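Biologist: Please take a close look at the largest pocket of this model, and set the pocket in the context of the rest of the chain.

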Amino acid sequence: MKSVLSEIKNHVLTGISYMIPLVIAGAVIMAISRVGGSIYGLTDIWDAKYAESANGIIRLLHSIDGFGGTALGLMFPVIAAFIAYSVVDKLGIVPGLVGGMLVKDINAGFLGAIAAGLIAGYICLWIRNHVKLPQSMASIVPVFLIPVLGTLSTVLIINYIIGVPFAALNIGLENWLNSLSGGNQIIMAAVVGAMVGFDLGGPVNKAAVTTAMALLTSQVYAPNTAAQVAIIIPPIGLGLATVFAKKKYNTELREAGKSAIIMGLVGVSEGAIPFAVESPLKVIPSTVIGSAIGSAMAVGLGAVNQAPISGFYGWFTVEKWPIYVLSIATGSLFVAISSVLLRKKDAGIEVASVEEEDYSFDEAEWEN
(Lines give C-alpha, C1' and ligand atoms only; values in the text may rest on other atoms or scores of the structure.)
Protein backbone atom coordinates (compact mmCIF):
# COMPACT_ATOMS: atom_id res chain seq x y z
CA MET A 1 0.00 0.00 0.00
CA LYS A 2 2.81 2.37 0.90
CA SER A 3 4.56 1.80 -2.44
CA VAL A 4 1.30 2.45 -4.33
CA LEU A 5 0.77 5.75 -2.50
CA SER A 6 4.39 6.70 -3.12
CA GLU A 7 3.95 5.93 -6.81
CA ILE A 8 0.79 8.05 -7.03
CA LYS A 9 2.52 10.91 -5.19
CA ASN A 10 5.37 10.82 -7.71
CA HIS A 11 2.91 10.92 -10.62
CA VAL A 12 1.12 13.92 -9.10
CA LEU A 13 4.40 15.76 -8.43
CA THR A 14 5.45 15.13 -12.04
CA GLY A 15 2.22 16.73 -13.24
CA ILE A 16 2.75 19.69 -10.94
CA SER A 17 6.33 20.17 -12.15
CA TYR A 18 5.11 20.44 -15.75
CA MET A 19 2.23 22.72 -14.78
CA ILE A 20 4.21 25.28 -12.77
CA PRO A 21 6.17 26.81 -15.73
CA LEU A 22 2.85 27.29 -17.54
CA VAL A 23 1.33 29.01 -14.52
CA ILE A 24 4.39 31.24 -14.12
CA ALA A 25 4.32 32.18 -17.81
CA GLY A 26 0.63 33.09 -17.65
CA ALA A 27 1.06 34.97 -14.37
CA VAL A 28 4.02 37.04 -15.56
CA ILE A 29 2.24 37.93 -18.81
CA MET A 30 -0.77 39.05 -16.79
CA ALA A 31 1.51 41.01 -14.45
CA ILE A 32 3.05 42.86 -17.42
CA SER A 33 -0.43 43.82 -18.54
CA ARG A 34 -1.54 44.96 -15.10
CA VAL A 35 1.60 46.94 -14.38
CA GLY A 36 1.09 48.64 -17.74
CA GLY A 37 -2.55 49.29 -16.92
CA SER A 38 -1.60 50.87 -13.59
CA ILE A 39 0.49 53.44 -15.49
CA TYR A 40 -2.79 54.60 -17.04
CA GLY A 41 -4.58 54.43 -13.69
CA LEU A 42 -6.47 51.26 -14.63
CA THR A 43 -6.87 48.55 -12.01
CA ASP A 44 -9.19 46.33 -14.09
CA ILE A 45 -7.39 46.08 -17.43
CA TRP A 46 -8.99 42.64 -17.92
CA ASP A 47 -12.47 44.20 -18.24
CA ALA A 48 -13.97 43.62 -21.71
CA LYS A 49 -14.71 47.31 -22.16
CA TYR A 50 -11.01 48.01 -22.77
CA ALA A 51 -11.05 45.88 -25.93
CA GLU A 52 -12.76 48.86 -27.62
CA SER A 53 -10.61 51.58 -26.07
CA ALA A 54 -9.56 54.45 -28.30
CA ASN A 55 -6.03 54.12 -26.89
CA GLY A 56 -4.13 51.44 -28.82
CA ILE A 57 -1.76 50.70 -25.91
CA ILE A 58 -4.68 50.06 -23.57
CA ARG A 59 -6.21 47.68 -26.12
CA LEU A 60 -2.87 45.90 -26.38
CA LEU A 61 -2.55 45.62 -22.61
CA HIS A 62 -6.08 44.21 -22.42
CA SER A 63 -5.19 41.61 -25.05
CA ILE A 64 -1.96 40.70 -23.23
CA ASP A 65 -3.92 40.10 -20.04
CA GLY A 66 -6.17 37.77 -22.02
CA PHE A 67 -3.16 35.87 -23.34
CA GLY A 68 -1.96 35.33 -19.79
CA GLY A 69 -5.43 34.18 -18.80
CA THR A 70 -5.40 31.68 -21.67
CA ALA A 71 -2.16 30.21 -20.31
CA LEU A 72 -3.62 29.93 -16.82
CA GLY A 73 -6.75 28.33 -18.28
CA LEU A 74 -4.60 25.41 -19.43
CA MET A 75 -3.64 24.61 -15.83
CA PHE A 76 -6.04 21.69 -15.37
CA PRO A 77 -5.57 20.06 -18.80
CA VAL A 78 -1.78 20.24 -18.47
CA ILE A 79 -1.54 18.79 -14.97
CA ALA A 80 -3.96 15.98 -15.90
CA ALA A 81 -2.08 15.24 -19.13
CA PHE A 82 1.31 15.02 -17.48
CA ILE A 83 0.11 12.97 -14.53
CA ALA A 84 -1.16 10.50 -17.15
CA TYR A 85 2.16 10.84 -18.99
CA SER A 86 4.00 9.94 -15.79
CA VAL A 87 1.88 6.79 -15.45
CA VAL A 88 2.03 5.47 -19.01
CA ASP A 89 4.32 7.76 -21.01
CA LYS A 90 3.00 9.56 -24.12
CA LEU A 91 0.03 7.18 -24.48
CA GLY A 92 -1.70 9.00 -21.62
CA ILE A 93 -1.33 12.57 -22.90
CA VAL A 94 -4.45 12.76 -25.10
CA PRO A 95 -6.89 11.18 -22.60
CA GLY A 96 -5.33 13.30 -19.85
CA LEU A 97 -5.72 16.53 -21.82
CA VAL A 98 -9.33 15.84 -22.69
CA GLY A 99 -10.10 14.74 -19.14
CA GLY A 100 -8.50 17.93 -17.79
CA MET A 101 -10.55 20.08 -20.16
CA LEU A 102 -13.74 18.36 -19.00
CA VAL A 103 -12.75 18.93 -15.37
CA LYS A 104 -12.31 22.62 -16.16
CA ASP A 105 -15.69 22.81 -17.91
CA ILE A 106 -17.63 21.15 -15.08
CA ASN A 107 -15.72 23.09 -12.39
CA ALA A 108 -14.41 19.96 -10.66
CA GLY A 109 -11.33 21.87 -9.50
CA PHE A 110 -7.74 20.97 -8.81
CA LEU A 111 -8.53 17.64 -7.14
CA GLY A 112 -10.69 16.72 -10.10
CA ALA A 113 -7.78 17.43 -12.45
CA ILE A 114 -5.48 15.18 -10.40
CA ALA A 115 -8.12 12.43 -10.46
CA ALA A 116 -8.56 12.85 -14.22
CA GLY A 117 -4.83 12.42 -14.81
CA LEU A 118 -4.62 9.29 -12.68
CA ILE A 119 -7.75 7.78 -14.26
CA ALA A 120 -6.51 8.46 -17.79
CA GLY A 121 -3.04 7.12 -17.04
CA TYR A 122 -4.12 3.88 -15.38
CA ILE A 123 -6.83 3.15 -17.97
CA CYS A 124 -4.29 3.54 -20.77
CA LEU A 125 -1.79 1.43 -18.85
CA TRP A 126 -4.39 -1.34 -18.46
CA ILE A 127 -5.27 -1.25 -22.17
CA ARG A 128 -1.61 -1.41 -23.14
CA ASN A 129 -0.90 -4.36 -20.86
CA HIS A 130 -4.06 -6.40 -21.40
CA VAL A 131 -5.39 -5.80 -24.90
CA LYS A 132 -3.49 -8.12 -27.23
CA LEU A 133 -3.99 -8.08 -30.99
CA PRO A 134 -2.39 -10.13 -33.75
CA GLN A 135 1.08 -8.95 -34.75
CA SER A 136 -0.25 -7.57 -38.02
CA MET A 137 -2.65 -5.27 -36.11
CA ALA A 138 -0.45 -4.41 -33.12
CA SER A 139 0.41 -0.95 -34.48
CA ILE A 140 -3.18 0.26 -34.14
CA VAL A 141 -3.08 -0.07 -30.32
CA PRO A 142 -0.98 3.06 -29.59
CA VAL A 143 -2.28 5.21 -32.47
CA PHE A 144 -5.97 4.30 -32.43
CA LEU A 145 -7.19 1.98 -29.69
CA ILE A 146 -5.60 3.65 -26.65
CA PRO A 147 -6.40 7.27 -27.66
CA VAL A 148 -10.02 6.41 -28.46
CA LEU A 149 -10.85 3.95 -25.66
CA GLY A 150 -8.66 5.74 -23.13
CA THR A 151 -10.24 9.13 -23.80
CA LEU A 152 -13.80 7.78 -23.96
CA SER A 153 -13.42 5.80 -20.73
CA THR A 154 -11.82 8.78 -18.94
CA VAL A 155 -14.50 11.30 -19.87
CA LEU A 156 -17.34 8.88 -19.09
CA ILE A 157 -15.95 8.21 -15.61
CA ILE A 158 -15.37 11.91 -14.97
CA ASN A 159 -18.73 13.05 -16.30
CA TYR A 160 -20.96 10.37 -14.78
CA ILE A 161 -19.13 9.13 -11.69
CA ILE A 162 -16.59 11.51 -10.13
CA GLY A 163 -17.53 14.80 -11.76
CA VAL A 164 -20.52 15.68 -9.59
CA PRO A 165 -18.92 14.95 -6.19
CA PHE A 166 -15.66 16.69 -7.15
CA ALA A 167 -17.55 19.71 -8.48
CA ALA A 168 -19.62 19.83 -5.28
CA LEU A 169 -16.44 19.56 -3.20
CA ASN A 170 -14.79 22.34 -5.20
CA ILE A 171 -17.84 24.63 -4.97
CA GLY A 172 -18.15 23.88 -1.26
CA LEU A 173 -14.48 24.76 -0.73
CA GLU A 174 -14.90 27.99 -2.70
CA ASN A 175 -18.00 28.97 -0.72
CA TRP A 176 -16.32 28.15 2.59
CA LEU A 177 -13.23 30.19 1.73
CA ASN A 178 -15.33 33.10 0.48
CA SER A 179 -17.37 33.01 3.68
CA LEU A 180 -14.31 33.33 5.89
CA SER A 181 -13.78 36.70 7.47
CA GLY A 182 -11.87 38.24 10.31
CA GLY A 183 -10.13 35.74 12.55
CA ASN A 184 -11.12 32.69 10.48
CA GLN A 185 -9.51 34.09 7.35
CA ILE A 186 -6.37 34.94 9.30
CA ILE A 187 -6.16 31.38 10.63
CA MET A 188 -6.57 29.98 7.12
CA ALA A 189 -3.80 32.27 5.85
CA ALA A 190 -1.52 31.23 8.72
CA VAL A 191 -2.08 27.53 7.95
CA VAL A 192 -1.33 28.05 4.24
CA GLY A 193 1.78 30.06 5.12
CA ALA A 194 3.00 27.42 7.57
CA MET A 195 2.58 24.68 4.94
CA VAL A 196 4.52 26.69 2.37
CA GLY A 197 7.31 27.38 4.87
CA PHE A 198 7.54 23.77 6.04
CA ASP A 199 9.48 21.89 3.36
CA LEU A 200 10.61 24.74 1.07
CA GLY A 201 9.50 23.49 -2.33
CA GLY A 202 8.69 19.92 -1.23
CA PRO A 203 5.33 18.09 -1.38
CA VAL A 204 3.65 20.01 1.47
CA ASN A 205 4.77 23.33 0.00
CA LYS A 206 3.59 22.36 -3.49
CA ALA A 207 0.24 21.07 -2.22
CA ALA A 208 -0.52 24.43 -0.59
CA VAL A 209 0.80 26.58 -3.45
CA THR A 210 -0.83 24.69 -6.31
CA THR A 211 -4.18 24.47 -4.51
CA ALA A 212 -4.05 28.22 -3.87
CA MET A 213 -3.18 28.86 -7.52
CA ALA A 214 -6.03 26.62 -8.70
CA LEU A 215 -8.53 28.58 -6.60
CA LEU A 216 -7.66 31.70 -8.60
CA THR A 217 -9.73 30.31 -11.46
CA SER A 218 -12.73 30.60 -9.10
CA GLN A 219 -11.87 34.17 -8.00
CA VAL A 220 -10.82 33.02 -4.52
CA TYR A 221 -7.75 35.13 -3.77
CA ALA A 222 -6.93 34.90 -0.05
CA PRO A 223 -5.14 31.49 -0.18
CA ASN A 224 -3.03 32.68 -3.11
CA THR A 225 -2.14 35.89 -1.27
CA ALA A 226 -1.04 33.83 1.73
CA ALA A 227 0.94 31.36 -0.38
CA GLN A 228 2.76 33.96 -2.48
CA VAL A 229 3.84 35.88 0.62
CA ALA A 230 5.05 32.70 2.29
CA ILE A 231 7.06 31.50 -0.71
CA ILE A 232 9.64 34.25 -0.41
CA ILE A 233 9.90 34.75 3.35
CA PRO A 234 12.22 31.78 4.16
CA PRO A 235 14.98 32.52 1.61
CA ILE A 236 14.97 36.25 2.29
CA GLY A 237 14.90 35.72 6.06
CA LEU A 238 17.72 33.19 6.09
CA GLY A 239 19.76 35.31 3.70
CA LEU A 240 19.34 38.29 6.02
CA ALA A 241 20.44 36.12 8.97
CA THR A 242 23.85 35.66 7.31
CA VAL A 243 24.09 39.45 6.99
CA PHE A 244 23.05 40.14 10.59
CA ALA A 245 25.36 37.52 12.13
CA LYS A 246 28.20 36.76 9.75
CA LYS A 247 30.31 35.18 12.49
CA LYS A 248 27.68 32.48 13.06
CA TYR A 249 27.87 31.16 9.48
CA ASN A 250 30.74 29.61 7.57
CA THR A 251 31.85 30.85 4.17
CA GLU A 252 29.64 28.46 2.23
CA LEU A 253 26.48 29.47 4.07
CA ARG A 254 27.31 33.17 3.78
CA GLU A 255 27.55 32.72 0.00
CA ALA A 256 24.33 30.70 0.05
CA GLY A 257 22.75 33.58 1.96
CA LYS A 258 23.49 36.03 -0.85
CA SER A 259 21.94 33.66 -3.37
CA ALA A 260 18.98 33.03 -1.07
CA ILE A 261 18.06 36.73 -0.92
CA ILE A 262 18.12 36.99 -4.72
CA MET A 263 16.16 33.75 -5.13
CA GLY A 264 13.62 34.97 -2.59
CA LEU A 265 13.11 38.25 -4.41
CA VAL A 266 12.31 36.41 -7.63
CA GLY A 267 10.04 33.93 -5.87
CA VAL A 268 12.12 30.76 -5.45
CA SER A 269 11.74 29.29 -1.95
CA GLU A 270 14.38 26.61 -2.62
CA GLY A 271 17.04 29.22 -1.80
CA ALA A 272 16.44 28.34 1.85
CA ILE A 273 17.20 24.62 1.42
CA PRO A 274 20.97 24.75 2.23
CA PHE A 275 20.15 26.21 5.65
CA ALA A 276 17.38 23.69 6.33
CA VAL A 277 19.67 20.80 5.39
CA GLU A 278 22.49 22.13 7.60
CA SER A 279 20.31 22.64 10.70
CA PRO A 280 16.69 21.46 10.16
CA LEU A 281 15.54 21.45 13.79
CA LYS A 282 16.47 25.12 14.17
CA VAL A 283 15.65 26.45 10.71
CA ILE A 284 12.32 24.78 9.86
CA PRO A 285 10.41 26.03 12.97
CA SER A 286 11.60 29.56 12.13
CA THR A 287 10.49 29.33 8.49
CA VAL A 288 7.13 27.81 9.42
CA ILE A 289 6.31 30.46 12.03
CA GLY A 290 7.75 33.36 10.01
CA SER A 291 5.80 32.35 6.90
CA ALA A 292 2.61 31.96 8.94
CA ILE A 293 3.06 35.42 10.48
CA GLY A 294 3.67 37.12 7.13
CA SER A 295 0.74 35.36 5.41
CA ALA A 296 -1.70 36.05 8.25
CA MET A 297 -0.64 39.68 8.40
CA ALA A 298 -1.06 40.24 4.65
CA VAL A 299 -4.50 38.63 4.46
CA GLY A 300 -5.68 40.03 7.79
CA LEU A 301 -4.81 43.61 6.79
CA GLY A 302 -6.54 43.31 3.43
CA ALA A 303 -3.80 42.78 0.83
CA VAL A 304 -5.06 40.89 -2.24
CA ASN A 305 -2.80 39.18 -4.78
CA GLN A 306 -4.88 38.06 -7.78
CA ALA A 307 -1.97 36.51 -9.71
CA PRO A 308 0.23 33.51 -8.85
CA ILE A 309 3.33 35.71 -8.67
CA SER A 310 5.56 35.88 -5.61
CA GLY A 311 8.55 37.73 -7.10
CA PHE A 312 9.17 41.44 -6.59
CA TYR A 313 8.06 42.21 -10.16
CA GLY A 314 4.48 41.44 -9.15
CA TRP A 315 4.33 43.24 -5.81
CA PHE A 316 3.03 46.52 -7.16
CA THR A 317 0.08 44.85 -8.89
CA VAL A 318 -1.22 43.71 -5.49
CA GLU A 319 -4.12 45.52 -3.92
CA LYS A 320 -2.75 47.36 -0.84
CA TRP A 321 0.81 46.54 -1.90
CA PRO A 322 2.50 48.54 0.92
CA ILE A 323 0.83 46.19 3.46
CA TYR A 324 1.83 43.22 1.32
CA VAL A 325 5.49 44.27 1.25
CA LEU A 326 5.42 45.10 4.98
CA SER A 327 4.06 41.61 5.69
CA ILE A 328 6.90 40.04 3.71
CA ALA A 329 9.41 42.17 5.60
CA THR A 330 7.89 41.25 8.98
CA GLY A 331 7.93 37.52 8.29
CA SER A 332 11.46 37.69 6.86
CA LEU A 333 12.77 39.58 9.90
CA PHE A 334 11.22 37.01 12.22
CA VAL A 335 12.98 34.21 10.32
CA ALA A 336 16.27 36.11 10.33
CA ILE A 337 16.25 37.05 14.03
CA SER A 338 14.99 33.70 15.31
CA SER A 339 17.50 31.80 13.17
CA VAL A 340 20.36 33.91 14.53
CA LEU A 341 19.22 33.47 18.13
CA LEU A 342 18.92 29.70 17.76
CA ARG A 343 22.35 29.21 16.21
CA LYS A 344 25.46 28.21 18.16
CA LYS A 345 27.69 31.18 18.98
CA ASP A 346 30.47 31.83 16.45
CA ALA A 347 29.76 28.59 14.56
CA GLY A 348 31.18 30.02 11.39
CA ILE A 349 34.50 31.07 12.97
CA GLU A 350 35.00 27.62 14.46
CA VAL A 351 34.48 25.95 11.09
CA ALA A 352 36.72 28.47 9.34
CA SER A 353 39.54 28.06 11.86
CA VAL A 354 39.50 24.29 11.50
CA GLU A 355 39.64 24.61 7.72
CA GLU A 356 42.62 26.99 7.97
CA GLU A 357 44.51 24.67 10.34
CA ASP A 358 43.95 21.70 8.06
CA TYR A 359 45.16 23.67 5.07
CA SER A 360 48.34 24.86 6.84
CA PHE A 361 49.16 21.33 7.91
CA ASP A 362 48.71 19.96 4.37
CA GLU A 363 50.91 22.70 2.87
CA ALA A 364 53.74 22.10 5.38
CA GLU A 365 53.55 18.37 4.80
CA TRP A 366 53.80 18.87 1.04
CA GLU A 367 56.89 21.11 1.43
CA ASN A 368 58.60 18.39 3.50
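Modeller: The account below begins with the basis of the values, turns to the pocket, and then moves outward to the other spaces, the core and the chain.

This is a predicted model, in which local features need pLDDT of at least 70 and side-chain atom pairs count only at pLDDT 80 or more, while totals for chains, interfaces and linings use all residues. Residues are numbered from 1 along each chain as its sequence is written, and side-chain values use heavy atoms, with hydrogens and water left out.

The largest pocket holds about 600 Å³ of space. On a 1 Å grid over the protein atoms alone, a pocket is an open set of points with protein on both sides within 12 Å along at least five of seven lines, a cavity is a set of points where a 1.4 Å probe fits but cannot get out, and lining residues have an atom within 4 Å of a point. Grid points are joined across faces, edges and corners, and a volume is the space filled by probe spheres set on the points. The lining of the largest pocket comprises 36 residues, of which M195, A207, A208, T211 and A212 are the closest to its centre. Two or more lining residues come from each of α1 (2-39), α5 (109-130), α6 (140-179), α7 (182-199) and α8 (203-215); helices (H or I, at least four residues) and strands (E, at least two) are DSSP runs, numbered from the N terminus. Of these elements, α8 gives the most, with 9 residues. By class, the lining has 26 nonpolar, 7 polar and 3 charged residues, where Ala, Val, Leu, Ile, Met, Phe, Trp, Tyr, Cys and Pro count as nonpolar, Asp, Glu, Lys and Arg as charged, and the others, Gly among them, as polar.

The second largest pocket holds about 480 Å³. Its lining has 23 residues, and those closest to its centre are G69, L72, L216, T217 and Q219. At least two lining residues are supplied by each of α1, α2 (56-73) and α3 (75-88), and α2 gives the most, with 6. The class division here is 10 nonpolar, 10 polar and 3 charged residues.

The structure also holds 1 cavity of 30 Å³ or more, with a volume of about 50 Å³. L238, Y249, F275, E278, S279, K282, V283, S339 and R343 line this cavity, and α11 (273-278) and α12 (280-300) each give two or more of those residues.

F275 also belongs to the largest nonpolar core, where I79, V196 and F275 touch the most other members among 81 residues. Such a core is a set of buried Ala, Val, Leu, Ile, Met, Phe, Trp, Tyr and Cys residues joined through side-chain atoms within 4.5 Å; buried means under 20% relative accessible area with a 1.4 Å probe, protein chains only. Leaving aside residues up to four places away in sequence, I79 touches G15, I16, M19, F110, A113 and I114, a contact being heavy atoms within 4.5 Å.

For the chain overall, the secondary structure comes to 14 helices and 0 strands. Buried residues make up 47% of its 368 residues. Of the contacts with a separation of 6 or more, 74% join residues 24 or more positions apart. The C-alpha atoms fill a box of roughly 75 × 65 × 40 Å, taken along the principal axes.

Methods:
Buried < 20%, exposed > 50% of the residue type's maximum accessible area, 1.4 Å probe, protein only.
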